[in-house]
Amino acid sequence: MTSSSPLSAPPPAAARRSLSLDGLWDFRHDSDGIWRKARVPAPWQACFDDLAVSFGRATYRRTFAVPADWSGSEIALHFGAVGDRCEVRLNGTEIGRHEGGYLPFALVLPEALLQVENELEVIAELPDAHRQGDAADFAEIPHGKQSWYGPQAGIWQSVRLEARPALHIENLRLDPFWPEGRLAISASLSRSVDAALRLTISDPAGRIVAEKSLTADAGRLSHELTLADPAAWSPDAPDLYLARLALLSDEKATDDAISTFGFRRFEARDGALWLNGEPLYLRGALDQDYYPDGFGTPPSLAMLEDQLRKAKALGLNCLRCHIKVPDPRYYEVADRLGMLIWTEIPNVETFSPASAARLRETMEGILARDRNHPSIVIWTLINEDWGTRLRESAEQRRWISEMVDWLRAEDPLRLTVDNSACFPNYHIKTDINDYHFYRTATDRRQEWDLLCQEFAANADWTFSTDAEAVRTGTEPLILSEFGVWGLPDPALLRDPDGRDPWWASFGATWADGTALPQGIEARYRELGLFQVFGPFSAFIEQVQWHQHMNLKYEIEVIRRHPQISGYVVTELTDVHWEGNGLMDMARNPRVFAEALSEVNSDVVIAPGTASFALASGETAHFDLALSSGGARVPAGSRLEWSLADQAGSLDIPEIPPMQVHAVPLDVTLGRIGETARSAAQFRLLAPNGQEIARNVETLSLYADRQTETLPGFAADLDPIEDRLASLGYRRASADTAPVFVTDQLTPALIDAIHDGLHVLQIVDKAPGRLRDDTPPRDGPTSIEIDAGGGGLISGPYFSFPGYALVDRHKSLWRGDWVGNFSWLRRDGVFASLPGGPLLDLSFGNVVPLQVMTGFRPWEFHGRVHAGVVIGWIHKPAAFLIEKRLGRGKLVATTFRVLGPHTETDPVATALIDGLMTLTARP
């Protein structure tokens, strides 16, 4: 029966009454035996600084009284989640146990044990790496990112007492099918009896649209009905229906189960994702689901709502909830406010029959708790081969293939990913071909371009070629992890007393120590970076805009490939020391939040800029690409552009969804009067003049050089001599030249520097020392324990200039994951280079591939003119140094200012001019 007006529903059930047991509990950890107060819900690590990274066993204790009017009801104790296994005691008697730290469970309180005042104990345990008998250690339990950000144990979700009838509804499953409006309903009762039920369905406006009397047979209900013209749920229109299943006795409701649901169809078809019959371009962010206190219990419903609204404002339509089962309110908010969710099983670290069973049980529990949420559209079984060894084990490849088949059959309303892959692992059988790779565009732009090109071509490296693999070739391509570090402002994360968050002192064991936040401001001062960036807050702001510049470029490249159906940025928020969020842990958005939506939207203008630095009279080449995403660009639209003193517009034809339209554009510049950063503006307008999309590309435009005062030079290599001469530098003899230019240091040159020569070394040599004629020397030893040399090997410090040379490739200075923040002082001889101090995309041709190391902090106060720090200002290294010896001096740089790739590059020319001037000056 359907109607647009309210019908006569059964009277409300004698609603299950509940009593929250959240609040302060007595707490004792076995490590110290001290009773203290812990808040519930929260991991015990969030309650006590001394237990912030602890494993082990702890006891929670509190008292309660059952309300007098609950007499005659069954009393159940509900836990949202307790990590990882627990034993529950009532008045000293064990009443149940549970294993699985992410899932809910309930225990019936035996009436015979209940007293007027009752004591409840929960003994919770999170195992560490010790194996104790047959009990699993940490590696064999689903734990997710606890292996990265620290353990989380204890009662971390809400606890409540509930009064309910002995015969009650245990679960309600709703499978809505769009567009046909079919709704499959299944439910089970607490007892295997026949019973009468009444089902009522309300539409998104609250009107009852279906009502049906039903019968449970032997405690089971299975029924289908069809609603006419169902409203479709989507992120833009999150229309929710409400189902109420009432258990009846003499026509009166004695119990009920209530759940919202939404009609939607999410599918993979023809190499693309489709939502409700329309192509969908996925714009996601990885969400670790950690909160300001550093743990996984959301502090309030309001925060969940606030972060989701901010995520939508950033242009996101999907959150990939990363290897974790979140608080159920997370999904409720996504359902109500409109956000697609990609959910993953928390991983194990060691694959075994027991851990495989736990993964399966966890997925079953997720389905039982969360399957009615329309926001959840994708499941992932394994992330990056964590806990499995798919490349090595045919047994495990068969296991994941069977898991995919099982989950597809169990939940046909969602897509299933087997292994969300990264190099060197891959897919076996999946609905989506997703992959992860990280690069920083300022340092590795060509690699990023090539990776995206190969991925868009359905690269062989995304799938296994073993016998167990099943590949259709039409799986939608999703770049499901990529990103770039910025840094949060620590001042926004400190408590009212100015103390750092507890996690700031951790991270030293990650990325060779570069992930340690604590002391960042002290390191900033110690390295004299205030001379480069100004106040620390200015450095943080520049770092965040640097993050935006890289993300913007990388998204634009992705959008140039119509074969790629979406992406997931790493990540929504920072997590502890991992500083690549679009917001910090307190949910403060990055400074670029508003600007990001220009490229993080359905229709995107990808400029395809050929060169980010141009000189007077040169032509700016833009291989513009208009990417429609899930939208349609109407015929008769036009693209307006402007750069410097020029502007124009181009007619644009209709662009169907999920297509890319190429628009080549050449703009020849006139005379540039002043070197500066300049914005190329692009606006896509509909026929009615409404703006569809916009983008801005910032270029460095270089004015004509002044060559009248260039210093003379001598060089010991013809290529160097020819390049400098072509730039207007005059040749001179080695005896009279103000600057001697070389690529290698020799003993004779070192002596000449001591005698007054000014040498510019444009480094071109293998890693090791800046000079190779002084090999390291073994220190003395009195007893030879190890065969070979003696004690400490002498470092480069003991021979001028005293520095080592390190390749960035295959080192942390490469910058693929933990951020590299490369800078050039823009004062003195380099003041004419626009932008900065951080290097931007215009430095792509000259960005160093090597760093100089071995500096004392004081040397960054003037001796180092360009350098790099990693992460939270660690591992400082140099690209350009000035060092005196005797009456002369050395200027050495790893900037790649020579070679065919730089001959028409104004950045390389400007750097050479600065280097020559710096070397020539007293």
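Q: Let's start with one side chain: is Phe539 buried or exposed?

A: Happy to begin there, with the reminder that this is a predicted model. A residue counts as buried when its relative accessible area is under 20%. Phe539 has a relative accessible area of 1%, so Phe539 is buried.

Q: Which residue forms an aromatic pair with Phe539, and how do I read the geometry?

A: Look at the distance between ring centres and the angle between planes; an angle from 30 to 60 degrees is read as tilted. Here Tyr524 is the partner of Phe539, with 5.4 Å from centre to centre and 45° between the planes, a tilted pair. Tyr524 sits in helix α7 (residues 520-526) and Phe539 in helix α9 (residues 536-559), so the pair ties together parts that are 15 residues apart in sequence. Tyr524 is buried too, because its relative accessibility is 3%.

Q: How many aromatic pairs does the structure hold?

A: There are 42 aromatic pairs. A good one to study is Phe482 with Tyr567: the ring centres are 5.8 Å apart and the planes stand at 80°, so this pair is edge-to-face. Phe482 belongs to strand β29 (residues 477-482) and Tyr567 to strand β30 (residues 564-569), so to speak two distant parts of the chain, 85 residues apart, linked by the pair. Phe482 counts as buried, at 0% relative accessibility, and Tyr567 counts as buried at 0% as well.

Q: Which aromatic residues form one cluster?

A: Try selecting Trp148, Tyr149, Tyr290, Trp386, Trp485, Trp510, Trp577 and Trp817; together they form one aromatic cluster. Tyr290 also has a charge over its face: Lys324 lies there, at 5.4 Å from the ring centre. You can find another such arrangement at Trp274, where the charged end of Arg269 sits over the ring, 4.0 Å from its centre.

Q: How do I read empty space, and how many cavities of 30 Å³ or more are found?

A: Rolling a probe the size of a water molecule over the atoms reveals where space is left empty. A search of the whole structure gives four cavities of 30 Å³ or more. The largest cavity holds about 140 Å³ of space. Its lining has 18 residues, with Tyr102, His143, Gln146, Gln152 and Lys324 nearest the centre. By class, that lining is made of seven nonpolar, eight polar and three charged residues. Lys324 is thus worth a second look, as the residue over the face of Tyr290.

Q: What lines the second largest cavity?

A: The second largest cavity has about 60 Å³ of space. Its lining consists of Leu174, Pro176, Gly262, Arg264, Arg371, Asn372, His373, Pro374, Leu413 and Arg414. Four of these residues are nonpolar, three polar and three charged.

Q: Which residues lie closest to the centre of the largest pocket?

A: A pocket is open, whereas a cavity is closed to the probe. The largest pocket contains about 1900 Å³ of space. Among its 49 lining residues, Pro104, Arg160, Glu170, Ala368 and Arg369 are the closest to the centre. Helix α4 (residues 353-370) provides the largest share of the lining, six residues. The classes are 16 nonpolar, 15 polar and 18 charged.

Q: To finish, where is Arg61 found, and which residues does Arg61 touch?

A: Arg61 is in strand β4 (residues 56-64). Leaving out residues up to four places away in sequence, Arg61 touches Trp25, Asp26, Trp35, Glu119, Leu120 and Glu121. With 23% relative accessibility, Arg61 counts as partly exposed.

Note on methods
Residues numbered from 1 in each chain as written. Predicted model: local features only at pLDDT ≥ 70, side-chain atom pairs only at ≥ 80, totals over all residues. Heavy atoms only, no water. 1 Å grid on protein atoms, 1.4 Å probe; cavity = no way out; pocket = protein on both sides within 12 Å on 5 of 7 lines; lining within 4 Å. Points joined across faces, edges and corners; volume = space filled by probe spheres on them. Helix = DSSP H or I, 4+ residues; strand = E, 2+ residues; numbered from the N terminus. Nonpolar A, V, L, I, M, F, W, Y, C, P; charged D, E, K, R; others polar. Buried < 20%, exposed > 50% of the residue type's maximum accessible area, 1.4 Å probe, protein only. Contact = heavy atoms within 4.5 Å. Phe/Tyr/Trp six-rings, centres within 6.5 Å; stacked < 30°, edge-to-face > 60°. Lys NZ or Arg CZ within 6 Å of the ring centre and 35° of its normal.
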